[in-house]
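Here are a few short exercises to help you find your way around a new structure. Try each task yourself before you read its solution.

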Amino acid sequence: MHKLKLLLAGTAAALALSGPAAHAERGTDGDLKILFWQAVSTMNPYLSGGTKEVLASSIVIEPLARTDEKGELVPWLVTEIPTLENGGVAKDLLSMTWKLKPDVKWSDGTDFTAEDVIFTWKYCTAPDGGCAQAAQYEGVKNVEAIDPHTVKITFEEPKPYPYSAFVGPQSPIIQAAQFKDCVGAKAPGCTAANFGPIGTGSFVVKDFKPNDVITFAANPNYRDAAKPAFASITLKGGGDAASAARAVLETGEYDYAWNAQVEPEVLQTMMAAGKGRLEISFGTQTERINLNWTNPDPALGDKRSTTEAGPHPALKDPAVRRALSLAIDRDIIVEAGYGQSGKPTCNIVPAPEAVASTKNDSWCLKQDIEGANKLLDDAGWVKGGDGIRAKDGVKLSFLYSTSTNSVRQATQELVKAMWAEIGVDAELRNASASVFFGGDPASPDTFQKFYADVLMYTNNFDGTDPEKYLAEWLCDKMPGPKNGWQGQNIPRYCNPAYDKLVGELSKTADLEKRAELSKQLNDMLTEEGAHIPLVHRGDQSSFAVTLEGVRMNSWDSQVWNIADWSRKK
Amino acid sequence: MTDATMTTAPPAVASTPTRSALSDMWHQFRAHKGGVAGLVVFTFIVLAVYVGPLIHTVAPNKLDIRAKNQWPSLAHPFGTDNLGKDMLAQVLAGGRISLAVGITAMLLALFLGTLVGVLSGYFRRLDGPLMRLTDLFLALPLLPLLLVIILLFRDSLRAAFGPETGIFILIVFVIGITSWMHTARIVRGDVLAVKSQEFVLAAKSSGMMEYRIVLRHILPNVLSSIMVSATLGIASAIITESSLSFLGLGFPSDFPTWGRLLFDGANFMTLTPSRVLWPGLAISLTVLSVNYMGDAIRDALDPRAVKR
């Protein structure tokens, strides 16, 4: 019987990637202990865009397709990835067809059908729903069922890269039967469903304590009878990055702790205990210093840091922007704060390889104090008695803001010391991450407000296609009072030529041409100094040495293949 | 009567003609061994942070990434941090700021607390409103209040006084106005007890002005409790400052204070223990020595103790 089940399970694509066959029995490896140093507040990723919620929910609910650790799409709840070649994507790029796997069941035993997929789209696009992942469904005109296991998506206009809706941990399929009364404004009120969604994943929620502990049990109806190897999961939230890493690497109390953003030497001392290991994967995260193109002078009141405030008195000079980048020694920043989990970069799109530009590496990756000094001398910025350069009464003295995090504060100090060598002064400021990234329009300390001259943080894009990400630097994406400080064009960069090129990218279907355009856009941002890219950051998590089957993935959820995880015997 | 300002002691002191009030207090103070030890340690810390940088001339903010995470050596007696900054220089520089913040904020809180306490204890009509105000302040959630004050006034003060002085004024002010309430309550209670005593009645009946009664008779008698809350105030001000720095609302991050050094060093405890040892020791010793000194000063100022 077992053998038969195993054979059946073999049809699942996931098995091809599975761990040793010796463990191929469900629930034999006991409890998996996970530690998130930011606690999980809901299991419904459509109601919270936070990474921790997306990660935790991906244990239970799954998308149609995922991206593996190499950045390639893998079919998950479907039989194959629709492409132009196999006819899954229409020639006119206006529609695509997904073929669902026939044997998938929800954890309550009911069948997984096209109706659930359609419902998910309706759920997230319902008016007043406040769906956090609405961007995933942008441009989708209609989702319909051709038969119970075939879904057709129609787009409003040709979509050269259609793998956004129902792909990746941000847009998993939820069960229509469970959420049918939770559409629109009623969505946040459905506590039972939001805290314990019924899924197709390898585990089901057993108990959910918001902002504290979640316990999961193996899904009895999971499509692969031999998986998952663990019988249950305990996911504990809270603490800080260092203590989370310590609980895995040094004391061995937990099996997996997410995001070990701690100084490399501290991690080294923790690993000396031999209880855990670090896994690093590189996605698209870039730590960058945004330069404010508008004037953030507090005297301007509500107009500060908007286009009405006029250009920045010092940073409007391209020579200053270039010199600030030249003065930075990225290798030292990586060594001090990131170690193995960072690489110096000059690109805002550092990966995947096909779209990563190397054009500016020659001048930008190497520190050049002399060149920077010369550039500023030639531009007429003269050193005063205090060693700080000035021109026409404008001093090169910048307010340098970021979020509170020991690695960021160390980077701030290093950059400040480097800038001091070219006669540029920096005043350091940091705001608690929950405020800085909180997006509260009333707070002056959010990164969108940018009430500072330069601002440092990390951002990335989901999946492997940078089109949406590069569109963030369009003129009309500037945050400001008119749009409630939404919008991701943090530097307030505005260049009609850039906007035009983005428009061209959105109409191009040919992958090579797309990569070419993406590189051009990326280079434009670096060359013009919208920001100073510093470090290509990897995701770094700690795992117990006894944990097997982990395939650290930056393109998808880190627990994307949790069904394959097992305990070394 | 040229030394009139010095002899603000209660009448009891005047009855011992052989010694001046000041030397009498010193005598009392010396009898308290812990107080003397506290005085020695505190003087040493103050001297160290102000004179130390003249001897140990490394700049506290000098980065030397090649010499990071070093254990104590001759060049770096306290070792270095993860950016290669000299820990001794940092602890000394941090001490100057922490002590200045602690003492100034304490003085402000003491002044406010004593004022409110004496007024509400001595004048019946003011008692109700002032004590309700004290209750109001006690009921306010302090941290959110601090955050709001800092957010509102940070930019204007920064523009007026520059980033460092501006933040210093703001932090001292913020800590001062949020920590006077306990002093006010204690002082009020003491004033209520003292003002019903005969010598105050005698002063009143002799036609003394109210403000002179308060200054000459009431204040000296409640000084002991003021002193105790003063010593506790320094400690809590140093600790409040470090929690503000931790939230990113205190001084800029490259501005060392003891609290910040301790916080930053916590992750590196196993790698370079001196990073937490010295700032932690400095905070503990300061707080402890100031507490002992306060204890001894209270004994020395207590009129009843002098009589014995």
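The exercises below concern a predicted model.

**Exercise 1: The overall build of chain A**

Task: Find out how many helices and strands chain A has, and whether its radius of gyration agrees with or departs from that of a compact globule.

Solution:
- Start with the elements: chain A holds 16 helices and 21 strands.
- Next, take the extent: the C-alpha trace of chain A spans about 85 × 55 × 45 Å along its principal axes.
- Now compare: a compact globule of 569 residues would have a radius of gyration near 25 Å, and chain A agrees because its own value is 25 Å.
- Then look inside: 52% of the 569 residues of chain A count as buried.
- Finally, consider contacts in chain A between residues at least 6 apart in sequence: 68% of these join residues at least 24 apart.

**Exercise 2: A sheet of three strands**

Task: Work out which strands stand at the edges of the open sheet with the order 13-14-15 in chain A.

Solution:
- Read the order: this open sheet of chain A runs 13-14-15, with antiparallel pairing.
- Strand 13 (382-383) and strand 15 (394-395) of chain A each have a single partner strand, so one side of each lacks a neighbour in the sheet and they are the edges.
- Check one pairing: two bridges join strand 13 to strand 14 (residues 389-391) of chain A. Here A:Val382 has A:Ala390 in strand 14 as its bridge partner.
- Look at the turn onward: A:Asp392 sits in the loop between strand 14 and strand 15 of chain A. This residue has a positive phi of about 50 degrees, although it is not a glycine.
- Is A:Asp392 buried or exposed? It is exposed, because 8 other C-beta atoms lie within 10 Å, and 12 or fewer is the cut-off for that class.

**Exercise 3: Unusual backbone spots**

Task: Locate the loops that hold A:Pro228, A:Pro352 and A:Asn211.

Solution:
- Keep the background in mind: most peptide bonds are trans, and most residues other than glycine have a negative phi.
- The bond from A:Lys227 to A:Pro228 is cis, with omega near 0 degrees; A:Pro228 lies in the loop between strand 8 (213-218) and strand 9 (232-237) of chain A.
- The bond from A:Ala351 to A:Pro352 is also cis, with omega near -10 degrees; A:Pro352 belongs to the loop between strand 12 (342-344) and helix 10 (361-364) of chain A.
- A:Asn211, in the loop between strand 7 (203-208) and strand 8 of chain A, has a positive phi of about 60 degrees.

Key. Residues are numbered from 1 along each chain as its sequence is written. Chains are lettered from A and ligands numbered from 1 in the order in which they are written. This is a predicted model: local features need pLDDT of at least 70, side-chain atom pairs count only at pLDDT 80 or more; totals for chains, interfaces and linings use all residues. Two strands pair if DSSP finds at least two bridges between them. Helices (H or I, at least four residues) and strands (E, at least two) are DSSP runs, numbered from the N terminus. The radius of gyration is taken over C-alpha atoms; the globule rule is 2.2 Å times the number of residues to the power 0.38. A residue is buried if 20 or more other C-beta atoms lie within 10 Å of its own, exposed if 12 or fewer, and partly exposed in between; C-beta atoms are placed from the backbone. Two residues are in contact if their C-beta atoms, placed from the backbone, lie within 7 Å.
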